[in-house]
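Thanks, everyone. I have one model to go through today, and I will take the RNA contacts and then the salt bridges. Here it is.

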Amino acid sequence: MNLLEELKWRGLYQDSTPGIENCWSVPGVGAYAGFDPTAPSLHVGNLVVVMLLTHCRRYGLRPIAIVGGATGMVGDPSGKSQERKLLDLDTLRANQAGVHAQLEKLVAYDPDGPELLVLNNYDWFAQFTFLDFLRDVGKHFSINYMMAKDSVQNRLESGISFTEFSYQLLQGYDFYHLYQHYGCRLQVGGSDQWGNITTGIELVRKLTGGEVHGLTAPLLTRADGSKFGKSEGENVWLDPERTSPYKFYQFWLNAADEDISRLLKIFSLKGREEIESALERHAAEPHLRIAQKMLAVELTERLHGKPALETALAATDALFGDAPFSTLERLSPKEFGQIFEGVPSATLNRSWFEAQKNVVDLLAESGAAPSKSEARRLVQGGGLKINKIKISSPDHVPVFDELLAGRYLFIQSGKKKHHIVVFEP
RNA sequence: GGGGAGUUGCCGGAGCGGUCAAACGGGGCGGACUGUAAAUCCGUUGGCUUACGCCUACAGUGGUUCGAACCCACUACUCCCCA
């Protein structure tokens, strides 16, 4: 199996330039993809392109990532309605470092193989004057050619600034630069990048006569039509400080059955036979969610490491499984905090217990319920659990001894809504 | 400029003097089922010291009335028709 065949069966192949096989016939050749430097972390939406680079590396190409300081400033015209903010250099460097570390774990997960290179195109664009750019790059493209791109066409009605119109030339020049200095002959990206990629190929051919290639992956969508990569409207980040390993694990575990076949092929590095057998078992017994668990375990471990995976598994079992809630007492305060990161919390003083208030008061005062009426309704409907123990009477009076680790009360309203109350001494 | 219709809870939409915290549908939230899913079914859906009690709410203000979402007046906004 070669790279192309691998990407095809995995569903990572949308389109490529004719004769693409030529570009990896030379040993040590580079393959590049660009990433937006707007945040110090990638999110799962970036993961498709990360996987493209990963597979390139597995087949011996040198992976190059551009975390584009220069292109990020100009803004890819696809989608965005807001004016881009210019990022200052310090932020840029910090973002780049964060992204670099993540790519190291994912693309270069295997120590054997070509070294991963992460570059900032600000380094070569900063010195490039406008006049030089017009003469050296702009001269090679007709307006007609540039206008034909989908990214431009889609904006003709609503309007597109000269800045964003020029974006494709910047990205095209990146490809040329990498070709000249790093032996890069392939650019990969999402299907929306096709236009920008072909501009680069064109520029390389015109400036050097060299042959370079492009390959795109299809846009990843969810069966229910919602955008991939969000969990309850929030981005799922790769940075454990932003999205805890537990949340990350949960994201994959909750993938829909209709999506999991595609997701597993795209994001798992396991071999074809292993993946197909897992999917068969999953189809036979979908309620066991074999495929989701397999993918969640694999990705969490690759990105965050084994200890983090184990914490995520323990937390999952304690929160959703049969394990008693007390197993969480073993967790360090930091791990505890991570699992409940994003879980709404409230802080009360321990003297709260002196007043002998009931659960309805607790829910209302901690913000777990918006009003006492609603709290009462919840309890009467049988939807309240405290530290995983069902509370069926609104008159129940919580006592100090119920606190987990002497500090916490874990409130479940319904099955999925969690709330943590911290009692300060 | 003239004429008409309307403005109700998260949304749509009934109500046209008391029994209206307001039908019905959607959505939300709980429960059962289940897989931390989908579908389905059940419950619930203004607040309060849970009370056949009180408070706040049917665009705003004022009025008629024992009593107003409902009648009247004015104000604001929306839509339609004619110039």
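A polar contact here is a pair of N or O atoms within 3.5 Å. With that in mind, and remembering that this is a predicted model, look at lysine 372. A polar backbone atom of lysine 372 sits 2.7 Å from a phosphate oxygen of RNA strand B. Serine 413 also uses a polar backbone atom, at 3.3 Å from a phosphate oxygen of the strand. Arginine 289 reaches a base instead: a polar side-chain atom of that residue is 3.5 Å from a base nitrogen of RNA strand B.

Which elements give two or more residues to the surface near the strand? They are α12, residues 245–253, α16, residues 306–320, and α19, residues 372–380. Helix α19 provides the largest share, five residues.

In total, 23 residues surround RNA strand B, and the closest are Asp257, Thr316, Ser373, Arg376 and Lys415. By class, that surface has eleven polar, eight charged and four nonpolar residues. On the RNA side, 52% of the strand's atoms within 4 Å of the protein belong to sugar or phosphate, and the rest to bases.

Now the salt bridges. The count comes to 16.

Back to lysine 372, which also forms a salt bridge with aspartate 361, the closest N and O atoms being 3.0 Å apart. Lysine 372 is in helix α19 and aspartate 361 in helix α18, residues 359–366, so the pair ties together parts that are eleven residues apart in sequence. Are the two partners buried or exposed? Lysine 372 is partly exposed, with a relative accessible area of 41%, while aspartate 361 is buried, at 15%.

The next pair is glutamate 424 and arginine 407, with the closest N and O atoms 3.4 Å apart. This one links distant parts of the chain: glutamate 424 is in strand β13, residues 417–424, and arginine 407 is in the loop between β11 and β12, 17 residues apart. Both are partly exposed, glutamate 424 at 32% relative accessible area and arginine 407 at 30%.

Last, the N-terminal helix α1, residues 3–10, which holds both glutamate 6 and arginine 10, four residues apart, about one turn of the helix. They form a salt bridge with the closest N and O atoms 2.6 Å apart. Glutamate 6 is buried, with a relative accessible area of 5%, and arginine 10 is buried too, at 2%. Arg58 joins Glu6 and Arg10 in a network of salt bridges.

How values were computed: Residues numbered from 1 in each chain as written. Chains lettered and ligands numbered in written order. Predicted model: local features only at pLDDT ≥ 70, side-chain atom pairs only at ≥ 80, totals over all residues. Heavy atoms only, no water. Near = heavy atom within 4 Å. Polar contact = N/O pair within 3.5 Å; in protein donor to acceptor, adjacent residues only side chain to side chain. Nonpolar A, V, L, I, M, F, W, Y, C, P; charged D, E, K, R; others polar. Salt bridge = Lys/Arg side-chain N within 4 Å of Asp/Glu carboxyl O. Buried < 20%, exposed > 50% of the residue type's maximum accessible area, 1.4 Å probe, protein only.
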